Amino acid sequence: MGFKLSRKTQQKIVVVLFSFLFANLSAESAPYFSVYNVAPKYDANAQCFDYVNSNAPKGGALKFAVVGTYDGLNPFAIMGTSPIHIAIFCFAKLLDESQDEVGISYPYVAKNLEISDDKKTITYHLREEAAFSDGTPITAEDVIWSFNFLIKINPMMKQYYKDISKVEASDQHTVKFYSKNPKNKELPSILGQIYIYPSKFFKENMNESGVITKPFPSSGPYKISVADFGRTLVFERVKNWWGEEIPSNVGQYNFDKIELQYFRDQNAAFQSFLAGGSNLWIEASANKWHTDYDISAVKDRKIIKKIIPGSSIQATKGFVFNLRNKKFQDIRVRKAISMLFNFESLNKSMFYNEYYRLNSYYGNAELAHSGEPAGEELNLLQPYKDKLPAEVFGPSFKNLAYKEDILPREILQQALELLKEAGWELKDQKLTNSRGEIFEIIFPYTNTSLEKVILHLQRNLSVAGIDLKPRQVDASTYTEMVDQFDFDMAMVGIAQSHSLGNEQREYFGSKSARIKGSKNLAGIENTVVDELIEKLIVAKNYQEMLNCVHAIDRVLCWNYYMIMNWDFAGLRAAYWNKFAMPEKSPKYSPFPVLTWWEKPDIQQQEEVQQDQGIINKIMCTIRGWIS
């Protein structure tokens with residue numbers, strides 16, 4: 001006779017088994033990985049992470065509107081446009097990172113890992129129970145195919161894993177990676193981030209560019225149930241998902257359904273949310289946050305406005321110059337244009353003074369450089385003194401700040417002098433070079449809310465005779481332009497982790513500058529940056545990593561590769577009052593909504609309302625007969 005264990009009993013069994021795993025591992029094997037060799041926050045007795053509700057009920061639906069479109073379902077294919085968050089929902093990884101620690105990874109598809117004494121081999125032992133949503137087991141072959149597939153179709157992945165020379169399977173549940181750079185201390189962690197594909201399905205159904213249009217068996221908590229391209233994408237929680245009771249997953253992925261509704265227009269998407277078509281809206285505009293929510297649904301608390309703290313992912317944000325274009329190759333041009341941007345006026349007129357200006361490529365936290373370089377940071381920079389701007393060895397970088405809406409005359413004059421030295425002179429209100437060419441900047445964008453910001457920059461630059469031409473295009477055209485580097489300036493936004501390493505090659509390394517589709521939009525080719533990144537990758541501890549990051553940050557900032565943007569402390573969320581969330585928000589999570597759940601009474605209320613509606617209709621019909 002069959003029986004079913006309660007959820008709490010199942011969790012207790014998992015904890016016992018997890019404890020047994022800790023106790024019986026050899027010295028070379030571990031159920032977690034720490035990049036900087038520090039003890040993890042969560043030990044074998046931990047049932048879940050601190051920032052979740054382990055008893056959160058499963059059920060309900062999360063619906064949010066997305067501006068744009070999609071034409072494929074592979075998140076790492078260079079060709080086409082894939083849906084946001086599909087990797088998080090549908091793909092499991094070898095290891096999973098907690099969102100309140102730095103550099104710590106825990107078991108996911110891999111139950112543990114082994115690292116050889118010489119650091120040249122990294123072995124992952126897979127869970128026998130791990131399976132795709134169609135019931136097919138996840139095997140070493142799937143992991144190996146996923147790795148080779150990712151580095152083949154995606155330039156960033158190729159750079160990310162360049163230190164891996166070979167990967168092979170010891171058996172159906174054992175994968176071994178061979179490193180050609182034993183000093184790359186981050187490799188076990190970033191290999192753990194590999195999203196696991198159903199290899200057989202993809203080989204049979206994708207095209208040569210890696211694009212796939214059929215819903216596929218997922219390894220993660222959700223599978224695709226509806227893919228109406230360009231309109232809707234629906235994720236359905238996998239029933240009896242194999243990974244649900246793993247401590248790193250408990251309390252997360254609580255919705256039975258997650259629905260993405262696609263719109264071409266930002267306003268149409270927002271109006272759909274206000275009408276109840278979707279139930280979550282992440283507001284990016286400070287102006288709209290203050291002006292577009294003066295409605296009865298908000299006043300009656302049917303819609304909740306909340307700023308979620310703790311979403312402190314560091315990011316590289318700015319208007320990037322395309323150095324592949326000759327006019328931006330002179331640092332004096334880039335510096336002059338940066339000087340002309342009046343952020344304070346923009347913040348006051350459009351942002352309700354809610355933003356702060358970024359003075360770093362890594363946010364304003366401990367990853368950002370400060371003061372003058374000293375100690376080990378100075379030792380890192382000193383050998384390159386003849387190759388760097390002198391300012392790198394002085395006080396930390398800080399953007400000019402203006403008290404008035406109009407640029408100070410002396411600043412404008414300084415900018416014009418720099419431009420003149422670089423071969424550009426103001427003639428008849430137009431900045432012109434000796435060949436009679438007018439200084440023009442093509443700035444493509446998709447989001448209508450960005451238009452006013454670009455027009456503000458346009459007015460700033462016009463006083464120096466620079467003709468900035470905004471060009472609004474659709475999402476697919478924009479992606480194509482950016483991937484092909486067909487722009488003068490563009491907006492860049494790169495989420496940075498709190499543990500930096502191999503990914504910096506793709507963002508700022510010379511080898512990625514000419515690779516179509518890379519994240520190095522500026523086209524930075526700086527040998528000093530390249531060498532500092534390699535030193536960052538082999539940093540032995542967290543402080544050594546910080547020293548390298550601070551040095552890289554100084555070099556990037558003082559070369560004026562972009563006009564730095566701004567940031568806001570938190571995440572603006574508006575949602576229909578049907579959700580609950582943990583008291584504590586994950587410190588480093590880019591999408592904390594995954595720890596939310598739908599209030600059980602909401603589901604009951606909706607059922608009661610439906611029943612009451614039916615009863616009312618019946619009663620009305622009966623009254624009609626009687627009368």
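**Figure 1. Helix α17 passes helix α18 in a left-handed crossing.** This close-up is taken from a predicted model. Helix α17 comprises residues 527-537 and helix α18 residues 542-558, and the two pack at an angle of about 165° with their axes 9 Å apart. Because angles over 145 degrees count as roughly antiparallel, α17 and α18 are described as roughly antiparallel to each other. On the α17 side, the contact is made by V528, V529, L532, I533, K535 and L536. On the α18 side, M545, C548, V549, A551, I552, V555 and L556 take part. By class, the residues of this contact comprise 12 nonpolar, no polar and 1 charged.

**Figure 2. The buried residues and N-terminal cap of helix α17.** The buried residues of α17 are V528, V529, L532, I533, L536 and I537. An α-helix has 3.6 residues a turn, so residues three or four places apart point the same way. The cover over the buried residues of α17 includes α12 (375-381), α16 (503-508) and α18. At the N-terminal end of α17, N526 acts as the cap, with a side-chain oxygen 2.9 Å from the backbone nitrogen of V528.

**Figure 3. The buried residues of helix α10 and the elements they pack against.** Helix α10 spans residues 331-339, and its buried residues are V333, R334, A336, I337, S338 and M339. These buried residues pack against two helices, α13 (409-421) and α14 (451-462). They also pack against the strands β15 (314-321), β20 (440-445) and β23 (562-564).

**Figure 4. The surroundings of R572 in strand β25.** Strand β25 covers residues 571-576 and contains R572. With a relative accessible area of 4%, R572 is buried, since buried means under 20% relative accessible area. The side chain of R572 makes a polar contact with the side chain of Y355, at 3.1 Å. Leaving aside residues up to four places away in sequence, R572 touches W281, I282, E283, A284, S285, A286, W289, K306, I307, E354 and Y355.

**Figure 5. The contacts of E97 in strand β4.** E97 belongs to strand β4, which consists of residues 95-97. A polar contact of 3.0 Å links the side chain of E97 to the side chain of K93. When residues up to four places away in sequence are not counted, E97 touches F49, I104, S105 and Q193.

Note on methods. Residues numbered from 1 in each chain as written. Predicted model: local features only at pLDDT ≥ 70, side-chain atom pairs only at ≥ 80, totals over all residues. Heavy atoms only, no water. Axes fitted to C-alpha atoms, helices over the stretch in contact; angles between N-to-C directions. Helix = DSSP H or I, 4+ residues; strand = E, 2+ residues; numbered from the N terminus. Parallel < 35°, antiparallel > 145°, perpendicular 65-115°, else oblique. Left-handed = near helix turned anticlockwise from the far one by under 90°. Contact = heavy atoms within 4.5 Å. Nonpolar A, V, L, I, M, F, W, Y, C, P; charged D, E, K, R; others polar. Buried < 20%, exposed > 50% of the residue type's maximum accessible area, 1.4 Å probe, protein only. Polar contact = N/O pair within 3.5 Å; in protein donor to acceptor, adjacent residues only side chain to side chain.
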